[in-house]
Structure formats: C-alpha cells, structure tokens
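Subject: Structure for you, with notes

Hi there,

Here is the structure I promised to pass on. My notes on what turned up in it follow right after.

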Amino acid sequence: MTRPLQILAISGSTRAQSTNQVLIDIIAGMLDGAARIVRFDGLSELPHFNPDLDTESPPEAVVAYRRQLKE
C-alpha cells in the first residue's frame with residue numbers, strides 16, 4: 001500500500017490563529033485522505049538565513065525543519 005502524498009505547509013504568519021493557519025487547516029480537512037498536510041509550526045524559531053551559520057550542529061529548530069522537509 002502506498003503512502004498518501006505528504007505536503008509540508010509553512011504559514012507566512014506566526015500568529016497562533018492567523019488566517020493562513022486557519023486556511024491550512026481547512027484545506028487539510030478537505031483532502032479526504034488523498035494527501036496529508038503536515039504543518040511546520042517552528043518558523044519563528046528558525047534563524048535568519050546565513051550560510052556561515054550552517055555548521056555540523058545547527059539549532060534544534062533547523063534540525064526539526066530539515067527532518068520534516070525530508071519526510
């Protein structure tokens with residue numbers, strides 16, 4: 001049996017009840033098993049992009065983000 005398509009949703013707003021978050025949840029409910037939406041909720045914890053900080057031991061938020069992207 002194949003796994004349903006998994007989509008990582010990243011809201012541009014970090015407010016708990018933002019319109020973007022609500023829309024992601026509504027769309028996830030409409031998929032009826034055809035795909036699975038996983039919300040990444042750690043956006044506010046990610047450091048700003050700086051390649052010099054991309055080392056062997058990145059912050060935990062970066063590790064979690066990369067793990068969810070791979071999944």
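Searching the whole structure gives two salt bridges, counting a side-chain nitrogen of Lys or Arg within 4 Å of a carboxyl oxygen of Asp or Glu. One joins the side chains of D25 and R39, at 2.9 Å from N to O. D25 sits in helix 1 (residues 19–30) and R39 in strand 2 (residues 35–40), so this pair ties together parts that are 14 residues apart in sequence. Helices (H or I, at least four residues) and strands (E, at least two) are DSSP runs here, numbered from the N terminus. R39 also forms a salt bridge with D41, where the closest N and O atoms are 3.0 Å apart. D25, R39 and D41 are thus linked in a network of salt bridges. As general background, side chains of opposite charge can pair when their charged atoms come close.

Before going further, please keep in mind that this is a predicted model: local features need pLDDT of at least 70 and side-chain atom pairs count only at pLDDT 80 or more, while totals for chains, interfaces and linings use all residues. Residues are numbered from 1 along each chain as its sequence is written, and side-chain values use heavy atoms, with hydrogens and water left out.

How exposed are the partners in the first pair? D25 is partly exposed at 44% relative accessibility, and R39 is partly exposed too, with a relative accessible area of 27%. The cut-offs are under 20% relative accessible area for buried and over 50% for exposed, with partly exposed in between (1.4 Å probe, protein chains only).

Helix 1 has two other residues to look at. Q21 is found there and is buried, with a relative accessible area of 8%. Leaving aside neighbours within four places in sequence, Q21 is in contact (heavy atoms within 4.5 Å) with S11, S13, R15, A16, R39 and D41. A28 is in helix 1 as well, and is partly exposed at 30% relative accessibility. The C-alpha atoms of A28 and I7 are separated by 9.5 Å, with their positions 21 residues apart along the chain.

In the loop between helix 1 and strand 2 you will find D32. Its phi is near 50°, a positive value in a residue other than glycine. For context, most residues other than glycine have a negative phi. D32 is exposed, with a relative accessible area of 74%.

The loop between strand 2 and helix 2 holds L43 and S44. L43 is partly exposed, at 30% relative accessibility, whereas S44 is exposed, with a relative accessible area of 56%. T14 is a partner in space for each of them: L43 and T14 are 29 residues apart in sequence and 6.9 Å apart, C-alpha to C-alpha, while S44 and T14 are 30 residues apart in sequence and 6.4 Å apart, again C-alpha to C-alpha. Not counting residues up to four places away in sequence, L43 touches I10, S11 and T14.

Which residues of helix 2 are buried? In this helix (residues 60–70), they are A61, V62, A64 and Q68. Seen down the helix axis, the buried residues fall within an arc of 160°, so they line one face of helix 2; the arc is that of the directions from the helix axis to the C-beta atoms. These buried residues pack against strand 1 (5–10) and strand 2. On the other side of helix 2, E60 and K70 are exposed.

Finally, the largest pocket holds about 290 Å³ of space. Of the 14 residues that line this pocket, P47, F49, D54, V62 and R66 are the closest to its centre. The lining divides into ten nonpolar, two polar and two charged residues. Here Ala, Val, Leu, Ile, Met, Phe, Trp, Tyr, Cys and Pro count as nonpolar, Asp, Glu, Lys and Arg as charged, and the others, Gly among them, as polar. A pocket is an open set of points on a 1 Å grid over the protein atoms alone, where a 1.4 Å probe fits, with protein on both sides within 12 Å along at least five of seven lines; lining residues have an atom within 4 Å of a point. Points are joined across faces, edges and corners, and the volume is the space filled by probe spheres set on them.

Best wishes
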